[in-house]
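Visitor: I am new to this structure. Please show it to me, and let me ask how each label is earned.

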Amino acid sequence: MYNMEKQHKLGKLHALERICMLLDEDSFREIGSNITNLEDAFNIKKGQFPYDGVITGYGTIGGQKVVIYSEDFTVIGGTLGKQHGFKIANAIKMAIENRCPVIGINDSGGARIQEGVNALAGYGEIFYYNTLASGYIPQISIIAGNCAGGAVYSPGITDFIFVIDDISQMFVTGPKVIKSVTNEDISASTLGGAGVHAAKSGVAHFHMPDERECFKRVRELISIIPPCYEEGYLHTNRSSIEDYSKDIQFNESLANIIPEQSNQSYDIHDVIDGIVDAGTFLEVQEEFAQNVVVGFGRIKGVAIGIISNQPKFMAGCLDCDSSDKAARFIRYCDSFNLPIITLTDVTGFLPGKDQEYKGIIRHGAKLLYAYSEATTIKINIILRKAYGGAYIAMSSKHLRSDFVYAWPTAEIAVMGAEGAADILYGKKIKAMEASKKAAYRQEKIDEYNEKFMSPNIAAMHGYVDEIIKPEATRERIYGDIMMLSDKRSFQSVKKKHGNIPL
């Protein structure tokens, strides 16, 4: 019944092998195995294709129930006909009804042209249920082969997309169509390969070297994210609670990460690793917009989402892509009531013609909107720089962060002291004798630092709740999460929904 050798010759696993490798052993139960194609057209006979080219059912991952579907490229190229599409739509519906994640393994030649509009109807059903499921259950897409044309938009709606080296290909229009329309020669991998979508387009969230490693990472993701939306619920790895009963309250390593010189870079992963439980940080979109780091972790077993600037790349500033990346991750965490921990070290929004033309106003507004809209637990730690509009955008008190803390190294102001001194006193400095310019400028820089940059100023106004020692950060965050675990939001404006600047 299954033509596994055909897939193996292409260097790929078969649809059923993929399911069995991903799920717990012997947990898979197939649904709809007797469904076949229903139409006679263009030398295709009714009932010709077993299970209409997609295997659907349910099973468990680490004991967590999941619904799964896997397209079979050996059955008419995994193309999607009406029955194929309706099987997938019903799988997503089953996951919604049973409040569990749904995982789709995509390996398809696209719409089955022999079925015409019926094939398109199948896609429409899938898109509808993808949208209905969004924010209620996690949706994971694994691109384990071709995914082209209308097929790309189902993964595009889902929460997480996994791509695999030398296997994944995603594009709206393929190389042949591009050649016919624009006369441009381009290979499928250059157009829509795994590396392209992981680093350039930002479409993919996880970039894996092979199928086996991909399935391991999917299992890891399932183990940390909540299985569904549930109000006022902290997703906790309860089996490990006892492991944290004697957990150290202070992590001394955090005290030595921020460089003495404020213009020196450091790796934000060192701070993250000092806050989360050892080995639990799972980074999302690691290769895309690297000036911001987002991902999941645990603090004493409690699952959290982390958003942080990355001083190693572009000094941690915000641009169009990093704003999109962070905003989407914030909305995911808020959908499932995951506490959002923000680590702020931001010099501002990236200036320049290219960013303005690309729409930094619109993209930056997404970040402001996402933080403001989020009603889950929000805790912000200002590590070092927090300048201008980017200070506001990074989960500031003004966007209703529950708690905002600052390390003693924090600098909170409209801009850096050097730039401020040049603007405020530039004319006077320019008119001074050359021998006095440097000393006077430094005097004004020091004065600005003292009057405006200290976190004490923001704390005095209530914009920072406390100035804390770096080594106390982990314990403080955990205590706050426990304090806020029963948090409820109160909407003051009755409306259907807002209009995020997409």
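Visitor: Which residues are buried in helix H18 (residues 473–483)?

Guide: Keep in mind that this is a predicted model. In H18, Thr 473, Arg 474, Ile 477, Tyr 478, Asp 480 and Ile 481 are buried. The word buried calls for under 20% relative accessible area.

Visitor: What puts them on the same side of H18?

Guide: Their arc around the axis. The buried residues of H18 cover only 160 degrees, so they share a side of the helix. They pack against helix H10 (268–275) and five strands, S11 (292–299), S12 (302–309), S13 (340–346), S14 (378–387) and S15 (403–406).

Visitor: Why are the buried residues of helix H4 said to line one face?

Guide: H4 runs over residues 117–133. Its buried residues are Ala 119, Gly 122, Tyr 123, Ile 126, Tyr 129, Asn 130 and Ala 133. Seen down the helix axis, they fall within an arc of 130 degrees, so they line one face. An α-helix has 3.6 residues a turn, so residues three or four places apart point the same way.

Visitor: Which residues of H4 are exposed on the other side?

Guide: Val 117, Leu 120 and Thr 131. Exposed requires over 50% relative accessible area.

Visitor: What covers the buried residues of H4?

Guide: The cover includes helix H3 (82–97), strand S5 (139–143) and helix H5 (153–157).

Visitor: How does the reach of H4 compare with what is expected?

Guide: H4 has 17 residues. The expected span at 1.5 Å a residue is 24 Å, and H4 reaches 24 Å from its first C-alpha to its last. The two values are close. After H4 comes Gly 135, with a positive phi near 85 degrees.

Visitor: What makes a group of residues the largest nonpolar core, and which have the most contacts inside it?

Guide: The members must be buried residues of the listed nonpolar kinds, joined through side-chain atoms within 4.5 Å. The largest such set has 59 residues. Ile 103, Ile 142, Phe 160, Phe 162, Phe 296 and Ile 307 have the most contacts inside it. Apart from that core lies another, of 29 residues, among them Ile 258, Val 271, Val 293 and Val 302.

Visitor: What is Ile 103 in contact with?

Guide: Leaving aside neighbours within four places in sequence, its contacts include Leu 22, Ile 61, Val 66, Tyr 69, Ile 140, Ile 142 and Val 218.

Visitor: What makes a space a cavity, and how many are there?

Guide: A 1.4 Å probe must fit but be unable to get out. Counting those of 30 Å³ or more gives 3 cavities. The largest holds about 70 Å³. Its lining includes Asp 159, Phe 160, His 205 and Tyr 332. Helix H11 (residues 320–335) gives the most to that lining, with 4 residues.

Conventions. Residues are numbered from 1 along each chain as its sequence is written. This is a predicted model: local features need pLDDT of at least 70, side-chain atom pairs count only at pLDDT 80 or more; totals for chains, interfaces and linings use all residues. Side-chain values use heavy atoms; hydrogens and water are left out. Buried means under 20% relative accessible area, exposed over 50%, partly exposed in between (1.4 Å probe, protein chains only). Contact means heavy atoms within 4.5 Å. Helices (H or I, at least four residues) and strands (E, at least two) are DSSP runs, numbered from the N terminus. The expected span of a helix is 1.5 Å times one less than its number of residues. The arc is that of the directions from the helix axis to the C-beta atoms. On a 1 Å grid over the protein atoms alone, a cavity is a set of points where a 1.4 Å probe fits but cannot get out, and a pocket is an open set with protein on both sides within 12 Å along at least five of seven lines; lining residues have an atom within 4 Å of a point. Grid points are joined across faces, edges and corners, and a volume is the space filled by probe spheres set on the points.
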